[in-house]
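Me: I'd like to go through this fold with you, a bit at a time. Can you take my questions as they come?

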Amino acid sequence: MSLHLGRTQFGNTNNIGNVFSRAEAESLFNEWVLNPKLKVHMLQVAHLMKCWAAEKELLDDAGQWKWEMAGLLHDADWDQWPTLHCKKIIEHLESNNIDPEIIRAIASHGPIHFGVEPETNMDKMLYAFDELSGLIHAYSLMRPNGYEGMDLKGAKKRVKEKTFAANVSREDIQDACQRANISLDDLINFIIPRQATVL
Ligand SMILES: [Fe+2]
Ligand SMILES: [Fe+2]
């Protein structure tokens with residue numbers, strides 16, 4: 001079954017700057033996503049996106065919220081409508097006249113699956129954070145002290161170990177780093193301390 005979206009244009013440029021309020025986004029999140037593990041994943045990716053927008057892109061609060069919102073909602077339809085991932089959330093955001101940059105980032109968070117190339121920095125970082133965030137979280141769950149004392153070396157070892165979190169595509173991680181022009185080391189070092197605050 002293919003999740004290819006069959007298009008590369010999303011939303012409407014007249015809607016640039018239109019976002020959900022945090023309360024609106026959270027109510028959608030809570031209504032659509034029931035699986036607590038998936039919720040943690042989405043909250044972690046949202047936080048990483050916000051941190052990157054603030055620290056690396058130097059965006060203001062409104063810009064940071066766009067990045068965070070893309071992370072918060074990127075898997076919103078995965079739990080209840082996996083065969084419609086990520087078509088359903090995209091159509092929902094389009095019908096609510098949400099900023100096309102947010103919709104595009106969500107549409108390109110898995111280029112192999114959805115057939116949409118990550119183009120903007122927001123697109124590329126969502127793709128880069130997505131799978132690596134999950135792998136690092138899985139690693140924290142097998143450590144006696146979770147994120148405490150976790151370092152690059154240990155995390156990298158898990159990435160190399162193909163049987164660990166085997167569902168996480170190593171090819172996607174490598175591809176995402178290349179596209180975002182960031183080394184795996186830098187990406188891991190960015191993720192560990194920030195993700196540790198969202199459990
Ligand atoms: Fe996804
Ligand atoms: Fe995800």
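Me: Does Asn 181 count as buried or exposed, going by its C-beta neighbours inside 10 Å?

Reply: Quick note before that: this is a predicted model, where local features need pLDDT of at least 70, side-chain atom pairs count only at pLDDT 80 or more, and totals for chains, interfaces and linings use all residues. Residues are numbered from 1 along each chain as its sequence is written, while chains are lettered from A and ligands numbered from 1 in the order in which they are written. A residue is buried if 20 or more other C-beta atoms lie within 10 Å of its own, exposed if 12 or fewer, and partly exposed in between, with C-beta atoms placed from the backbone. Asn 181 has 10 such neighbours inside 10 Å, so Asn 181 counts as exposed.

Me: Where does Asn 181 lie, and what is its phi near?

Reply: Helices here are DSSP runs (H or I, at least four residues), and strands (E, at least two) are too, numbered from the N terminus. By that numbering, Asn 181 lies in the loop between helix 9 and helix 10. Its phi is positive in a residue other than glycine, near 60°.

Me: Which loop holds Asn 97, and what is its phi near?

Reply: The place of Asn 97 is in the loop between helix 4 and helix 5. Asn 97 counts as exposed because it has 12 C-beta neighbours inside 10 Å. Its phi is positive, in a residue other than glycine, and near 55°.

Me: Which element gives the largest share of the largest nonpolar core?

Reply: A nonpolar core is a set of buried Ala, Val, Leu, Ile, Met, Phe, Trp, Tyr and Cys residues joined through C-beta atoms within 7 Å. The largest one has 49 residues, with Met 49, Ala 70, Ile 106, Ala 128 and Phe 129 having the most contacts inside it. Elements giving two or more residues to this core include helix 2 (36-55), helix 3 (61-73) and helix 5 (100-107). The largest share, 10 residues, comes from helix 7.

Me: How many other C-beta atoms lie within 10 Å of Ala 105?

Reply: Ala 105 is found in helix 5. Two residues are in contact if their C-beta atoms, placed from the backbone, lie within 7 Å; leaving aside neighbours within four places in sequence, Ala 105 is in contact with Ala 70, Met 122, Asp 123 and Leu 126. Ala 105 is buried, and the number of other C-beta atoms within 10 Å is 30.

Me: Are helix 7 and helix 9 roughly parallel or roughly antiparallel?

Reply: Axes are lines fitted to C-alpha atoms, for helices over the stretch in contact, and angles run from 0 to 180 degrees between N-to-C directions. Helix 7 and helix 9 pack at about 150°, with axes 9 Å apart. Angles under 35 degrees count as roughly parallel, over 145 as roughly antiparallel, 65 to 115 as roughly perpendicular and the rest as oblique. Helix 7 and helix 9 are therefore roughly antiparallel.

Me: Which residues of helix 8 meet helix 7?

Reply: The axes of helix 7 and helix 8 (residues 152-160) come within 10 Å and cross at roughly 115°. That makes helix 7 roughly perpendicular to helix 8. Leu 135, Ile 136 and Tyr 139 in helix 7 meet these helix 8 residues: Ala 155, Arg 158 and Val 159.

Me: What is omega near for the cis peptide bond leading to Cys 86?

Reply: Cys 86 lies in the loop between helix 3 and helix 4. The peptide bond from His 85 to Cys 86 is cis, with omega near -5°.
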